[in-house]
Amino acid sequence: MVRPSPPLTLTGTARVDHRTKDLIKRLQPGDIAVIHHQDLDRVAAEGLVAARSLAVINAAESISGRYPNEGPMRVLDAGITLIDHAGADLLDRVREGDRLTIVGDEVWRGPELVATGTRLSASVVADAMEAARAAIGGELERFATNTLEYIQREAKLTFEPVQLPPLRVEFKGRHALVVVRGHDYRSDLKALKPY
């Protein structure tokens, strides 16, 4: 597959949010998404792509190497520029509606340089994904250890009766649906038939 090469210089309006899923609701085609999203996941990336963002500037690492995550490649495959690891204070320096210009790895607001990150390429992300796949065993081991420690500390809560706070909705005799956002959650919701 041949990926489109985004231009080295881009200008657009900033949309800023610590929560990518909240930002996506405000994102317009041609806007620049300014996020703080460690290990950009597939669902968030698909939202950024569907909104037709011009570029994504991530204050955090889009792929830290802890585990293989598909988000960065989804963004790049759509021809969207991805500036990575632009600094923890990025969301304090850039405001909603700022006019930003990306030049290479740099982010400018008028004559002011507001951030410098790393412009990710498909080859860099592919290499990071391969390294993450190789290291997944260690991450799974840490996860299992953490889970066992949690069970040890909180075992009582698992077996004692649950004390729910007062609810305003009566659930007795009614169906309840718990939804967790996964990469195909929209198709799952569409498949539900109302009773």
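**Group meeting: a walk through the sheet and the cores**

Ala-14 stands opposite Ile-32 in strand E2, and that pair is where I'd like to start today. Hi everyone! Before going on, please keep in mind that this is a predicted model.

Let's stay with that pairing for a moment. E1 and E2 run parallel and are joined by three bridges. Another of the partners across them is Val-16, which is matched with Val-34 in E2. On its other side, E2 pairs with strand E3, residues 55-58, again in the parallel sense, this time over four bridges. There, Ile-35 sits opposite Asn-58 of E3.

So what about the two faces of E2: are they covered or uncovered? Both are covered. Ile-32 and Val-34 point to one side, Ala-33 and Ile-35 to the other, and all four are buried. As a reminder, in a regular strand the side chains alternate between the two faces of the sheet.

Now zoom out with me. How many strands does the open sheet have, and in what order? There are eight, running E7-E6-E5-E1-E2-E3-E4-E8, and the pairing is mixed. The edges are E7, residues 112-116, and E8, residues 118-119, each of which pairs on one side only.

Let's move along to E5, residues 99-103. Here the faces do differ in cover: Leu-100 and Ile-102 make up the covered one, while Arg-99, Thr-101 and Val-103 are on the uncovered one. E1, residues 9-16, and E5 run antiparallel, with five bridges between them. Thr-101 is a handy residue to click on, with Thr-11 as its bridge partner from E1 and Trp-108 opposite it in E6. E5 and E6, the latter spanning residues 106-109, are antiparallel too, held by three bridges. The two form a hairpin with two residues between them, and Gly-104 in that turn has a positive phi of about 65 degrees.

On to the packing. The largest nonpolar core counts 21 residues, and Ala-33, Leu-40, Leu-48, Val-56 and Val-75 have the most contacts inside it. Which elements give two or more residues to it? They are helix H1 (20-24), strand E2 (32-35), helix H2 (42-50), helix H3 (71-77) and helix H5 (122-159). Apart from this core lies another, of 18 residues, including Ala-59, Val-94, Val-107 and Ala-115.

If you pick Leu-40 and leave out residues up to four places away in sequence, you'll find that it touches Ile-35, Ala-45, Leu-48, Ser-62, Asn-69, Gly-71, Pro-72 and Val-75.

Two last stops. The first is Ala-135, which is in helix H5. Is Ala-135 buried, exposed or partly exposed? It counts as partly exposed, because its relative accessibility is 35%. Ala-135 is also 70 residues from Gly-65 in sequence, and their C-alpha atoms are 7.7 Å apart in space.

The second is out on the surface, where Val-162, Leu-164, Leu-167, Val-169 and Phe-171 make a nonpolar patch of about 530 Å². Phe-171 belongs to the loop between H5 and helix H6, residues 185-191. With a relative accessibility of 46%, Phe-171 therefore counts as partly exposed.

That's my tour, and thanks for listening!

Methods. Residues numbered from 1 in each chain as written. Predicted model: local features only at pLDDT ≥ 70, side-chain atom pairs only at ≥ 80, totals over all residues. Heavy atoms only, no water. Buried < 20%, exposed > 50% of the residue type's maximum accessible area, 1.4 Å probe, protein only. Pairing = 2+ DSSP bridges. Core = buried A, V, L, I, M, F, W, Y, C linked by side-chain atoms within 4.5 Å. Contact = heavy atoms within 4.5 Å. Patch = residues over 30% accessible without salt bridge, like charges linked within 9 Å, V, L, I, M, F, W, Y side chains within 5 Å. Areas by Shrake-Rupley, 256 points an atom, 1.4 Å probe, with all protein chains shown as cover. Salt bridge = Lys/Arg side-chain N within 4 Å of Asp/Glu carboxyl O.
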